[in-house]
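Biologist: I am new to this structure and should be grateful for a close look at one part of it, namely its interior. Would you please go through it step by step and then turn to a few individual sites?

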Amino acid sequence: MAKVVLGLGTSHSPQLTLTPEQWQLRRKADQNNPELWFKGKPYRFPELVDVRADKHFERELGIEKFQKRHAECQTALDELGETFARSSPDVAIIFGDDQHEAFLEDNMPALSVYWGDTVDTAPPAEGAEDPEPGINDAIRGHTQDHRVSHPVQSDLGEHIIKSLMRDEFDVAHSRSLPAGAHKNHAIGHAFGYVYRRIMHDEVIPHVPVLLNTYYPPNQPTLKRCYELGKAVRRAIDSWDGDKTVAVIASGGLTHFVIDEDLDQKVIAGLKSKDAKALAGLPIEYFESGTSEIRNWVAAAGALESGDLGMELVDYVPCYRSEAGTGCAMAFARWT
């Protein structure tokens, strides 16, 4: 029977791939962002500077601090990659979000499981404009310079879908990806980053589980995400494949506005396997990039049973502006 032997959680922000000198490109994106979500409210950049002036985020800026934090993140990523290689699981379940890469407004499922025989990553179409400052430079973190097909454990994917339906989850499914915003029929960065940075382009058979974390009105609640993870674990435990399994969360923590207090509450709930504490966090706080924490909550649900405990490898709040914008990077393993 299948056995879960490892859990991993990793951020996948562009700041992880950009050089520290390029972080200012993402600051420009923040300045142009009309909806910087913080504690359930959207702000424009100048408004956010005023609201958070007492925090003196200018102290968190400068190339030396950027270089230090970037290095800390790379060290943590290397450690996760080494942990993954050492565990050498046969199969992975990856919880990630989609940001108009596969699904658009014509069809936006709250939950979808991919179970085709393979899934592709692909760079942007030649000549594609940079959608935001620094994004095209960051894309090398989750794609190679050409289309690549990766193996999917399709029989496990089908089993998960059927098991979720029996558990009364109304799950969408895909055996091939639709044309997304870039018309490249490829899976998004939440998954590609894991392929590149954790698996080092040696992608094992896996099942992508796509959550709509970003786009109202059908984002799942934190409670529902945790229950989804538990249901996925039941599916893994009932699968007749004699394989070892890793469960991986991609994304988060708070961004594009860093909220260290919220991050610490999330981390505490994940460590203690406290579903009630996680579900009790204000759902209106989980918009924009912070919404990706749902992927960690789902993974935590899948890792609740058994004897795997969470170790926080590192937490690095990577500020990039005087408004407190940036990405709070987190790296964890359940071993």
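Modeller: In this predicted model, the number of disulfides comes to zero, counting pairs of cysteine sulfur atoms within 2.5 Å. Cysteine 73 is accordingly in no disulfide, and the nearest cysteine sulfur, that of cysteine 318, is 3.8 Å away. Cysteine 73 is buried, its relative accessible area being 1%. Cysteine 225 is likewise buried, at 1% relative accessibility. For cysteine 225, the closest cysteine sulfur belongs to cysteine 327 and is 18 Å away, which is too far for a bond.

Cysteine 225 leads to helix α7, for it is among the buried residues of that helix. The others in that list are Leu222, Tyr226, Leu228, Gly229, Ala231, Val232, Arg233, Ala235 and Ile236. Helix α7 comprises 17 residues, which at 1.5 Å a residue should span 24 Å; the end C-alpha atoms are 25 Å apart, in agreement with that expectation.

Helix α7 also has a place in the nonpolar interior. The largest nonpolar core contains 55 residues, and those with the most contacts inside it are Ile93, Phe95, Ile160 and Leu164. The largest share of this core, eight residues, is supplied by helix α7, residues 222-238. Isoleucine 160 shows one way in which these parts meet: leaving aside residues up to four places away in sequence, it touches Ile93, Val113, Val207, Val232 and Ala235. Two of these partners, Val232 and Ala235, are buried residues of α7. There is also a second, separate core of 42 residues, which includes Leu6, Leu77, Phe84 and Ala92.

Next comes glutamine 219, in the loop between β9 (206-211) and α7. Is glutamine 219 buried or exposed? With a relative accessible area of 16%, glutamine 219 is buried, because it falls under the cut-off of 20%. The side chain of glutamine 219 has a polar atom 2.8 Å from the backbone oxygen of threonine 213. A polar atom of that side chain also lies 3.3 Å from the backbone oxygen of tyrosine 214. Beyond four places in sequence, the residues that glutamine 219 touches are Asn212, Thr213, Tyr214, Phe286, Glu287 and Arg294. By contrast, the C-alpha atoms of glutamine 219 and proline 46, which are 173 residues apart along the chain, are separated by 28 Å.

Helix α8 may be read in a similar manner to α7. Its twelve residues, 260-271, should span 16 Å at 1.5 Å a residue, and the end C-alpha atoms are indeed 16 Å apart. Within α8, the buried residues are Leu262, Asp263, Val266, Ile267, Gly269 and Leu270. Viewed down the helix axis, these buried residues fall within an arc of 165 degrees, so they line one face of α8. The background to such a pattern is that an α-helix has 3.6 residues a turn, so residues three or four places apart point the same way. Asp261 and Lys265, on the other side of α8, are exposed. The elements against which the buried residues of α8 pack are α9 (275-279), α10 (293-302), β12 (310-319) and β13 (325-334). After α8 comes lysine 273, which has a positive phi, near 55 degrees.

Two serines complete the account. Serine 250 belongs to strand β10, residues 244-250, and is buried, with a relative accessible area of 0%. The side chain of serine 250 reaches the backbone oxygen of alanine 190 at 2.6 Å. Apart from residues up to four places away in sequence, serine 250 touches Thr10, His12, Phe95, Gly96, Asp97, Ala190, Val194 and Asn295. Among these, Phe95 has already appeared as one of the residues with the most contacts inside the largest nonpolar core.

Serine 149, in strand β7 (residues 148-151), is partly exposed, at 46% relative accessibility. The side chains of serine 149 and aspartate 120 are joined by a polar contact of 2.6 Å. With residues up to four places away in sequence left out, serine 149 touches Thr118, Val119 and Asp120. Alanine 122 is 27 residues from serine 149 along the chain, and the C-alpha atoms of the two are separated by 8.9 Å.

Definitions and conventions. Residues numbered from 1 in each chain as written. Predicted model: local features only at pLDDT ≥ 70, side-chain atom pairs only at ≥ 80, totals over all residues. Heavy atoms only, no water. Helix = DSSP H or I, 4+ residues; strand = E, 2+ residues; numbered from the N terminus. Expected span 1.5 Å × (residues − 1). Buried < 20%, exposed > 50% of the residue type's maximum accessible area, 1.4 Å probe, protein only. Arc of directions from axis to C-beta. Contact = heavy atoms within 4.5 Å. Polar contact = N/O pair within 3.5 Å; in protein donor to acceptor, adjacent residues only side chain to side chain. Core = buried A, V, L, I, M, F, W, Y, C linked by side-chain atoms within 4.5 Å.
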